[in-house]
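Work through the following exercises with the sequence and the model side by side, and try each task before reading its solution.

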Amino acid sequence: MASYDKAFESYKKALTTAASVAASMMLVRSVVNEVVPPELLFSGFGYLRSRTTSDHTIVVEKKNDGFGNNHVFCAVKTYLATRMNTDIQQRLRVSSMDENDKMMVSMDDGDEMLDVYEGTEFKWCLVCKDNNSNDSLNGSQNESQFFELTFNKKHKDRALRSYLPFILATAKAIKAQERTLMIHMTEYGNWSPIDLHHPSTFDTLAMDHKLKQSIIDDLNRFMKRKDYYKKIGKAWKRGYLLYGPPGTGKSSLIAAMANHLRFDIYDLELTAVMSNSDLRRLLVGMDNRSILVIEDIDCTIELKQREEGEGHEESNSTEQNKGEGKVTLSGLLNFVDGLWSTSGEERIIVFTTNYKERLDPALLRPGRMDMHIHMGYCTPESFQILANNYHSIEYHHTYPEIEKLIKEVTVTPAEVAEVLMRNDDTDVVLHDLVEFLKSKMKDANEIKTEHKEANSQLDEKKDDKDNDKN
């Protein structure tokens with residue numbers, strides 16, 4: 001009985017103590033609510049929590065304060081789509097803009113993904129939150145979507161100053177590679193863009209391998225030298241002159257350059273430009289990361305040398321007035337490497353011509369046309385590339401004969417390609433090519449014979465005249 005009473009007294013004492021503590025806590029809470037602002041109280045709890053956890057979280061919302069898409073969110077989505085392991089992810093989201101657009105596989109709501117950057121682990125989670133409010137305009141539920149990036153708090157500086165900027169740069173490069181290129185043409189004094197779907201690449205280009213590689217190396221070096229151009233005080237641009245007979249692949253090379261660099265093309269028809277001021281307006285309107293193309297520059301417009309006409313007056317004032325409104329060589333050169341050349345950067349300028357000797361030397365010097373590329377006739381190497389492109393073959397028993405004929409006959413890659421497209425049967429089309437080359441050789445020999453006979457007759461007539469004089 002005594003032990004029972006003792007236990008009861010202990011229990012009673014414990015209840016009394018608990019009631020006293022609860023009352024004290026209620027009093028403290030009441031005082032705190034009256035004296036300490038709620039925001040300070042919550043920040044204190046947040047501080048205590050941050051001191052007790054080793055993780056840090058960055059939130060990347062889809063919308064910027066509810067208005068407009070967040071560029072960082074889009075970049076993260078693009079980047080994670082390339083890092084995703086579809087074998088591990090349990091839920092995937094598949095989307096595309098239209099039926100012709102590339103399909104994108106991304107994370108689904110609530111899914112998590114681990115990424116490793118420079119040895120540091122970063123965990124991503126896509127969160128879709130229902131805010132339980134109705135849109136007054138369309139009655140749809142108001143949802144917020146965001147990425148949560150979680151990592152050890154000691155890597156906070158790396159996340160903000162290195163990892164996130166790396167994601168932005170990577171996403172930009174990915175979009176540049178996947179976007180549809182455009183070709184801009186002059187129309188009513190303005191640029192008119194359309195989609196460029198030219199399939200030419202350096203892999204499919206029928207050209208000598210060493211020359212092709214030198215062009216690729218030159219383009220890649222140009223892309224990496226922004227700081228170098230700035231240091232030496234020159235506009236970040238590079239000029240290429242493509243010259244050679246028609247049908248040697250000049251246009252295909254331009255398309256391959258655009259596909260390699262992911263640059264848009266601006267095809268300038270000089271005959272459609274009325275004056276130097278119109279030319280400047282068009283060229284200033286070009287975007288960066290673009291290729292300006294002026295094809296057949298020797299015959300599209302009459303570009304007089306700057307020295308012509310200086311110190312001489314035209315007798316016909318009408319002709320003088322006609323020339324004042326036309327594009328001049330000085331006007332073109334002023335944009336190629338004059339003060340106007342600094343109006344944009346990361347530009348490629350390409351001139352093409354069938355007759356290099358007809359061009360004004362002022363156009364050809366380094367700094368204007370930095371690299372001169374001769375587009376020649378078909379060679380055995382370029383023939384093999386064409387055969388592989390059109391018929392997916394590495395070798396055929398007709399190759400030795402074809403290559404021997406190509407060395408002796410002047411034939412353009414365009415002519416060879418046209419024959420290779422005539423039939424889907426490889427055996428038939430290659431035998432047709434042999435006959436085509438033999439026919440060209442026969443025609444060439446006949447022309448040589450005719451020229452030889454004509455020259456022989458001229459020599460005989462000349463000898464007769466000399467004999468008559470004597």
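**Exercise 1. Identify which residues of the largest nonpolar core touch the most other members, and which elements supply that core.**

A nonpolar core is here a set of buried Ala, Val, Leu, Ile, Met, Phe, Trp, Tyr and Cys residues joined through side-chain atoms within 4.5 Å, where buried means under 20% relative accessible area, exposed over 50% and partly exposed in between, with a 1.4 Å probe and protein chains only. In the largest such core, which has 29 residues, the members touching the most others are F202, L253, M257, I291, I348 and V350. Two or more residues each come from α5 (209-223), β9, α7, β11 (290-294), β12 (347-353) and β13 (371-374), and the greatest contribution, six residues, is that of α7. A second core of 27 residues, separate from this one, has L241, L268, M286 and F335 among its members. Helices (H or I, at least four residues) and strands (E, at least two) are DSSP runs numbered from the N terminus. The model is a predicted one, in which local features need pLDDT of at least 70 and side-chain atom pairs count only at pLDDT 80 or more, whereas totals for chains, interfaces and linings use all residues. Residues are numbered from 1 along each chain as its sequence is written, and side-chain values use heavy atoms, with hydrogens and water left out.

**Exercise 2. List the residues that V350 touches beyond four places in sequence.**

Taking contact as heavy atoms within 4.5 Å, and setting aside residues up to four places away, one finds Y240, L242, I254, M257, I291, L292, V293 and I294 around V350.

**Exercise 3. Check the length of helix α3 and describe how its N-terminal end is capped.**

Begin with the expected span, which is 1.5 Å times one less than the number of residues. For the 13 residues of α3 (residues 71-83) this gives 18 Å, and because the end C-alpha atoms lie 19 Å apart, the two values agree. Next, look at the N-terminal end, where a side-chain oxygen of N70 is 3.1 Å from the backbone nitrogen of V72 and so caps the helix. Finally, note that F73, A75, V76, T78, Y79 and L80 of α3 are buried.

**Exercise 4. Describe the pairing of β7 with β8 and the turn between them.**

Strands count as paired if DSSP finds at least two bridges between them; β7 (residues 182-187) and β8 (residues 190-195) run antiparallel and are joined by six. One of the pairs sets T186 opposite W191, its bridge partner in β8. Two residues lie between the strands of this hairpin, and Y188 takes a positive phi near 55°.

**Exercise 5. Decide whether G247 is buried, exposed or partly exposed, and find what it touches.**

G247 belongs to the loop between β9 (237-243) and α7 (250-261). Its relative accessibility is 33%, and therefore G247 counts as partly exposed. Beyond four places in sequence, G247 touches T412, P413 and A414; the C-alpha atoms of G247 and V416, 169 residues apart in sequence, are 10.0 Å apart.

**Exercise 6. State where the model's confidence falls below 50.**

The pLDDT, the predictor's confidence in each residue from 0 to 100, averages 80 over the chain, and 70% of the residues score at least 70. Residues 135-141 are below 50, with seven contacts in the model beyond near neighbours in sequence. Residues 304-324 also stay under 50, and the model has 10 contacts for them beyond four places in sequence.

How values were computed. Polar contact = N/O pair within 3.5 Å; in protein donor to acceptor, adjacent residues only side chain to side chain.
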